[in-house]
Amino acid sequence: GYEPRTQAIYQVTHRDPVPVKPPESLQDLWATDVFSLSKMQACLPKSVFKSLKETILSDAKLDPAAADVVASAMKDWALSKGALYYAHVFYPMTNGTAEKHDGFISVQSDGTVISEFSGKTLIKGEPDGSSFPNGGIRSTFEARGYTAWDVTSPAYVMETDNGVTLCIPTVFVSWTGEALDKKIPLLRSISAMNKSATKVLKLLGCNEVSRVNSSCGAEQEYFLVDTAFANTRSDLLLAGRTLFGKPPAKGQQFDDHYFGAIPERVQVFMQEVERSMYRLGIPAKTRHNEVAPGQFEIAPIFEAADAAADHQQLIMTILRNTAKRHGFVCLLHEKPFAGINGSGKHVNWSVSNATQGNLLDPGDQPHENLQFLTFCGAIIRGVHKYGPLMRAVIATASNDHRLGANEAPPAIISVYLGSQLEDVYEQIQKCDVTGCKPGDLMDLGVESVPTFMKDSGDRNRTSPFAFTGNRFEFRAVGSSQSVSGPLIAMNTILADSLDWIANKLESQVSSGADLKASVYGILKEIMDEHGGVVFGGNGYSEEWHKMAVEERGLANLPTTADALPVLKEKYIEELFEKTGVLSPVELESRFEVYSEQYVLSVEVEANLVVDIAKTQIYPAAVKYISDLSATASSLKEMGIEFNYSIAKKVASLVNGLSESTQKLEDALDKEEFSSMEEHMQYFAQTIRSLMDEVRGYADSLEGEVADELWPLPKYQEMLFIK
Ligand code: ADP
Ligand code: MG
């Protein structure tokens, strides 16, 4: 008979790895698919290239005459790469990547066709804006928007299902100028941070200060599951996670997967992923097995935040597309399997420029490194003051399964500094502001650790936001998220803090105060006010949850429903408005889009739970009861005694399953809500717990019903058969 689960297992166990491509040298691969600055320099007239470069450096608009020349060169390059289409690529508020494809083909009046691509079409495109969420902007303004080439990000070619496409990275704006994407606020946050950082560096005595940018290196965790399994599980296909499934007898308690041998099929897959990344100029570096079976990680070398954000989106696309070609589904969901380690995206972030270098590098003597202490202090202040915002930017329905659970960073945002740095700031805090000199710090005991030991930060994996030697690592970010939201938040709160510091420093120094004493005084003030956010202990512990909230006044926002309303708070609106990163209208639209997405994704899952429970699990369990009762009656006829306990247990679980499914179905009928907040809370509390209730019965049934009747591939099959 047709048994999808058995067939899937057969298919998976008989698969061969996709043949490996012959190795190519990195030089031959590197950035071959990117229309890079050097390629443009080689093919553009000098004057055009100069104008383009100036545009890139000054964030200005490209002059139309130059745009035509650039477009024509870009088209010729793309055609030589086999491209038939071009696409404006943009990053809507959904965390995804969107593309509007068009052909180069243009029909002439005489019926012949030519390939055409003008400066106008390069610079501006018109996607169907109404199909992307705009939040408040949709109702307030004209719904449609347009995409505009982000000249700071180079064009590239990508092989897609349509063939080869020239991809042009763009920003997505409404006709009235509102940002409809994640790229514009990211660029604005970098500008704001650059402005404030420059001010502070000048005040600290740096004569020459070049543009400060933030850098980002994101570690991406993901799961691979065979397509044959995924195809028989609508939850994996539609929600990206298993809504049912009993944890396997062998889970990750056997740590043999971590850094273990990578199965051959996966290795071939990874080689192809890296190859695609190199061709696109993305510096892939590490690969190893993660904690859970079937889980892996890829981390490119860090780059400037704007480039890194584009590349991160590309990495997710490449992972998904390559997986398909290798008979896998790549799951970027934060928690595809209950009871098994989830996936995060560690966003490593620092700020640097060409003249001063990495501003978060403490050097050997951090206590004397005013520049470092100031920037790090600014971050401590920012994370404390805007901790709830940091929580809000990582709030999604899927990430809720990690945060708040006891295996991922908690939903309480704190800062881990490492003991040595923590000590330095404590000394600063103890110092008497008026007489504080760097020498005093030495006297207070810091000299007992003469040189700074770089702390990998790995010693504390329980912190959501950890200093790791020369950067911060935002570990609470979800694996399926765009890195832009977190980067925007970090850049913006840093801009705000640096601005605050600059104002203080300026007035103190201009009234004759000593620079060092002023800096230490300001840092002491920061630590007095905001030091409570620094925490080096176990972030998973009950004591911390209690202490954080009751003694330190930190917010614990366990669900997205609790976290997103932060975006409506006045102080958050003011933060974004004064830094120029988001206008109040833009911010409000983000609340609306994100909360709508939350409700929608929980709703899709709840409907799937009902559907799978009713049409797959219930029938299998009932069939088993009927098998058992048939056996029982024939045994009875033969006068043989039969123990009914299993049949009774299964029958009672089946009743529980059908009752809880009915409750969930009824609960989903509710349509009237007084506010979005209430709507979200209803899904976070009522709907989610009913889903868990249904799952509880189903997973117990999985442990009772005959294996051959069970319709869904089981955890051990999906995780261990490759
Ligand atoms: P771990 O697994 O120990 O956290 P990895 O080496 O796997 O570390 O990943 C660290 C990531 O941090 C890499 O992407 C790396 O390029 C990035 N990184 C290193 N230095 C910086 C920096 N100054 N700013 C931003 N990211 C950085
Ligand atoms: Mg890490």
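Reader: In the protein, what share of the contacts with a separation of 6 or more comes from residues 24 or more positions apart?

Author: Such a share shows how far the chain brings together residues that are distant in sequence. In this predicted model, residues 24 or more positions apart account for 76% of those contacts. The secondary structure comprises 25 helices and 18 strands.

Reader: What radius of gyration does the protein have, and what value would a compact globule have?

Author: The radius is read against the value expected for the chain length. A compact globule of 722 residues would have a radius of gyration near 27 Å, and the protein has 28 Å, so the two agree. Along the principal axes, the C-alpha atoms fill a box of roughly 105 × 80 × 55 Å.

Reader: How much of the protein is buried, and what part of the accessible surface belongs to carbon and sulfur atoms?

Author: Of the 722 residues, 55% count as buried. The accessible surface comes to about 30100 Å², and carbon and sulfur atoms contribute 52% of that area.

Reader: How far apart are the mean positions of the positive and negative charges?

Author: They lie 3 Å apart, for 67 positive and 95 negative charges.

Reader: Which residues coordinate the magnesium ion (ligand 2)?

Author: A metal site is read from its donor atoms and from the places of those donors in the chain. Here E219 provides two OE entries and E473 one, at 2.0 to 2.5 Å. E219 belongs to strand β10 (residues 213-226) and E473 to strand β18 (residues 472-474), so the pair ties together parts that are 254 residues apart in sequence.

Reader: Is E473 buried or exposed?

Author: E473 counts as buried, because its relative accessibility is 5% and the cut-off is under 20%.

Methods:
Residues numbered from 1 in each chain as written. Chains lettered and ligands numbered in written order. Predicted model: local features only at pLDDT ≥ 70, side-chain atom pairs only at ≥ 80, totals over all residues. Heavy atoms only, no water. Helix = DSSP H or I, 4+ residues; strand = E, 2+ residues; numbered from the N terminus. Rg over C-alpha atoms; globule rule 2.2 N^0.38 Å. Buried < 20%, exposed > 50% of the residue type's maximum accessible area, 1.4 Å probe, protein only. Contact = heavy atoms within 4.5 Å. Areas by Shrake-Rupley, 256 points an atom, 1.4 Å probe, with all protein chains shown as cover. Lys, Arg positive; Asp, Glu negative; His and termini not counted. Charge placed at Lys NZ, Arg CZ, Asp CG, Glu CD. Donors = N, O, S within 2.8 Å, 3.2 Å for Na, K, Ca; no water.
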